[in-house]
Amino acid sequence: MTIEVKNIVKRFGAFAALDNVDLKVGKGELLALLGPSGSGKTTLLRIIAGLDWPDAGEVRIDGEDALGHGASERHVGFVFQHYALFRHMTVFENVAFGLRVQPRAVRKDEAKIRARVKELLDLVQLDWLANRYPSQLSGGQRQRIALARALAIEPRILLLDEPFGALDAKVRKELRQWLRSLHSEIHVTSIFVTHDQEEALEVANRVVVMDKGRIEQIGTPGDVYDNPATAFVHGFIGESIVLPVEVSGGSVRLAGRPLNIAADGAAAGASKLFVRRHDMQIGPAGTGSLEGAVRHVRSFGPIQRAEIALSGGEGKTVIEIDAPRDRELQAGEIISLQPRRYRIFAAKE
Amino acid sequence: MSMQTNFVTPVAQLKAYASTAGVAIAIPSHGEPGERSRAVASPRDLRTEPGPIRFVVIALAVSFLTVFVVLPLVVVFASAFSKGISAYFAALAEPEALSAIKLTLLVAAISVGLNLVFGVIAAWAIAKFDFRGKTFLITLIDLPFSVSPVISGLVFVLLFGAQGYWGSWLQAHNIHILFAVPGIALATIFVTFPFVARSLIPLMQEQGTQEEEAAISLGASGLQTFFRVTLPNIKWGLLYGVLLCNARAMGEFGAVSVVSGHIRGETNTMPLLVEILYNEYQFVASFAIASLLAMLALITLVVKAVLERRLDEGQIPRNDPGDH
Amino acid sequence: MSTAVARRMSLPGFGLTMGLTLTWLSVIILIPLAGLFLKTLELSPGQFWEILTSRRTLNALKISFGLSFAAACVNLVMGTIIVWALVRYRFPGRRLFDAIVDIPFALPTAVAGVALTQLFAQKGWLGAPLAELGIKVAFTPIGIFIAMVFIGIPFVVRTVQPVLIDLDPEIEEAAASLGANRWHTVFRVILPSLIPALLTGFALAFARAVGEYGSVIFIAGNLPNVSEIAPLLIVIRLSEFRYADATAIAVVMLLASFVIILAVNRLQRWAQTRIPAH
């Protein structure tokens, strides 16, 4: 099923939680809404589910207007951040709930409900917990039960709010892989909200990066990492070195000195130069655009992470770079740096 | 004028104020306050006083409670049985006594029933939704706690009394509100108005709306959500509110006294009959009725303690500690 | 179809439940109370003033407010002592005494009234020995005071108790480690942090005592100008069909109780800003 969101606006008082958001989700996609807290991603998810209503705009599920229907009529599976399992019901009854509250005319009989619940518990590999209560489960188990419960109603789409947010790091990693393989098994159009870039990049087919109620970029994980569309995306995804530069007449200057890199059509004026840590080429002093003294080196695994105090300017700019260990850096050494890949964005304000 | 909280418990009281002010106050389980975390000081502890001072403090506390609280309670039963058991039961079997008991049960059933329904409805509106003026609305619901029982009765006399706003109209249509069951019920509903809503609001606020939202997103209707998800989660809190509401409804004196008219065998509730018999120097009979009310109070306290423990247990942490 | 974009909530039933709540609230609470205020407006300010300043009314108000204040003071002191004993010490029957504190809340006021009267009457268990000492309690203002102490005690105890329980033990240990002796620690560190709760308990006990009727009238003696409380005067005026008089006294008492509610709410807010919620 497809989801289409058009010109959605949602305000809480003077605060614009969503500011004219447009989004199309294709059939069978596994999409991540990624952004810092307050970026509007959860609000967008809740609007699609029918748990919140926008001030303006349109939501279409499979081409059909969704805003005319309440949450209970949308057939949307929603997995809550804190699971929202019914604490007075067993795992079995939790999963069966959506089937039991169906109108009598379409409700399955008890045997069919049991079979369906069993099937779902098998799917999430927790059939042995059927008679437990939510309080007796671990966080990861609750998460999977919440998912099974949402899937019980055979939802047209599946929405997950910070599905791994409340779990510890190890469980989170396991569940990520599990969710991805589950999705390729059942292929329901799914959207999940996360503030964790690693999670978004690792699990989703496409990532929607949001900030302050706007969509900054939509793309594959590779796209948003390698070709960030905005300064925000570059800064939010992956670690970046950010240097304040001045663009004029096609040349780029740092603290007044020209850097040996092309402006790539960046507009003239105060700008920011973004370089990934591992995209700084190290060379002997005097061979690159930037020069600096190595202050501190830590080596782990295949890389060494060095703190470099850049020369020139006020000499106070310190950056961190990641370099392969083929050439061990020494503290106190003067080296030159040349960005291999970089992006220049106009500085805001 | 008074916090006529005849019997708002510490939990309710504090929850009440906590939720007005938006603070969560930890509510210790009854009788064993917070001992999990803070044991009573051992002698070497920095946090205690020298032995003689401790002795004096304990002695003062115990003797005060004995004189002012235990003795009055003992007097009730001692006086009720002062002429023997048969006199006691004979007093309770008097037609007047029986009719007072019946009336009390009837009035309690009406007022508890109505306040139960409307208390749940009010708690749903207040706890599950955000709207402006919520604090003010809670203050209005609390009003009866701070109105003197006499005034709670007076307002209905002003409305329905012979010289009241609607008195002559009612008289013309031969409708009896004052000095009849409807008036007694109204006054009782007034004084017990906040109990159910007030026991539920903090509980329902704390439970949030997630489970209800989950139910709705799974296709449940509003009523299905309420009966299958909300109600099981609030049942102990609801019972708690009903218990307190009932105790107050059966024991109310001031408000009912003003609207009842003291018609013997007709509009006397148990507390009113206690007064009448006492004033007629029928002490055994008076205290026999009083002993029933005192037992109601004691049972209420015991059940309340049990419910408070349930409520404490019911507060399941939302996340496993291990999840963080 | 973006016209469907109305102000909707995630859960159903807000309009219905809010409507019913406001209706029920109006029928039971707001309209009757409004009726009371409207009735007062039928009086000219002069008449109103005359009723309030009549000797009997003034005395009744003085007795109600004055004795309530005195009883609340006793409750404040004794309540603190009781809370301290219940929270900080172990002694036989501690849990029982903790439960007993709730009895004045739970006992119907008429029962409390007859019981206290019986207890303090001249031939009563406590009245007889007191009479030998020349102290007459029942049917005097002292009796009113005793009844007010009785009904007020749980308010102080139950307001202060959770705060003392939740008091961080580290502040006491810190005070001790800074060289404070126990006396200083209690009076300069612990009690000051209980002040908002103590004042709240005091206000609640005071307000309750002022409006109290059932537990007071039996033991009071009800002698006009001497031992007649304001709520009783309202009842008497009503039985004389002097509605205006009853209403005027009621309005004054109601306003006083609103002032107390406001004060208590302020206290709660103050306590919050002083001691942030965890």
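In this predicted model, helix α4 (residues 95–128) of chain B packs against helix α11 (residues 222–251) of chain B at an angle of about 140°, with the axes 9 Å apart. The two helices, α4(B) and α11(B), are therefore oblique to each other, and their crossing is right-handed. On the α4(B) side the contact is made by B:Thr104, B:Leu105, B:Ala108, B:Ser111, B:Val112, B:Asn115, B:Leu116, B:Val120, B:Trp124 and B:Lys128. On the α11(B) side the residues are B:Phe226, B:Thr230, B:Leu238, B:Val242, B:Cys245, B:Asn246, B:Ala249 and B:Met250. Sorted by class, the contact of α4(B) with α11(B) has twelve nonpolar, five polar and one charged residues.

Helix α4(B) also packs against helix α9 (residues 194–207) of chain B, here at an angle of about 30° with the axes 8 Å apart. Angles under 35 degrees count as roughly parallel, and α4(B) and α9(B) are therefore described as roughly parallel to each other. The crossing of α4(B) and α9(B) is right-handed. From α4(B), the residues in this contact include B:Asn115, B:Leu116, B:Val120, B:Trp124 and B:Lys128, and these five are also among the α4(B) residues in the contact with α11(B). The α9(B) side consists of B:Val196, B:Ala197, B:Leu200, B:Ile201, B:Met204 and B:Gln205. The residues of the contact of α4(B) with α9(B) comprise twelve nonpolar, three polar and one charged.

A further helix pair in chain B is formed by α6 (residues 149–160) and α8 (residues 181–192), whose axes come within 9 Å and cross at roughly 140°. That angle makes α6(B) oblique to α8(B), and the crossing of α6(B) and α8(B) is right-handed. The contact involves B:Ser152, B:Val155, B:Phe156 and B:Phe160 of α6(B), together with B:Leu186, B:Ala187, B:Phe190 and B:Val191 of α8(B). Seven of the residues in the contact of α6(B) with α8(B) are nonpolar, one is polar and none is charged.

The residue classes in the helix contacts are set out below.

| Helix pair | Nonpolar residues | Polar residues | Charged residues |
|---|---|---|---|
| α4(B) and α11(B) | twelve | five | one |
| α4(B) and α9(B) | twelve | three | one |
| α6(B) and α8(B) | seven | one | no |

Chain B also meets chain C. The contact takes 116 residues from chain B and 112 residues from chain C. Between them the two chains bury about 10200 Å², with 77% of that area on carbon and sulfur atoms. In chain C, the residues that lose the most area to chain B are C:Leu11, C:Trp24 and C:Tyr89, which together account for 8% of what the chain C side buries. Two salt bridges are found across the interface of chain C and chain B. The side chains of B:Lys304 and C:Asp102 meet in a salt bridge, at 3.0 Å from N to O.

Over all chains, the structure holds 51 salt bridges. One salt bridge in chain A joins A:Arg176 and A:Asp196, with the closest N and O atoms 3.5 Å apart. A:Arg176 lies in helix α5 (residues 169–186) of chain A, while A:Asp196 lies in the loop between β8 (189–194) and α6 (197–203) of chain A, so the pair ties together parts that are 20 residues apart in sequence.

Definitions and conventions: Residues numbered from 1 in each chain as written. Chains lettered and ligands numbered in written order. Predicted model: local features only at pLDDT ≥ 70, side-chain atom pairs only at ≥ 80, totals over all residues. Heavy atoms only, no water. Axes fitted to C-alpha atoms, helices over the stretch in contact; angles between N-to-C directions. Helix = DSSP H or I, 4+ residues; strand = E, 2+ residues; numbered from the N terminus. Parallel < 35°, antiparallel > 145°, perpendicular 65-115°, else oblique. Left-handed = near helix turned anticlockwise from the far one by under 90°. Contact = heavy atoms within 4.5 Å. Nonpolar A, V, L, I, M, F, W, Y, C, P; charged D, E, K, R; others polar. Buried area = accessible area lost by both parts, 1.4 Å probe. Salt bridge = Lys/Arg side-chain N within 4 Å of Asp/Glu carboxyl O.
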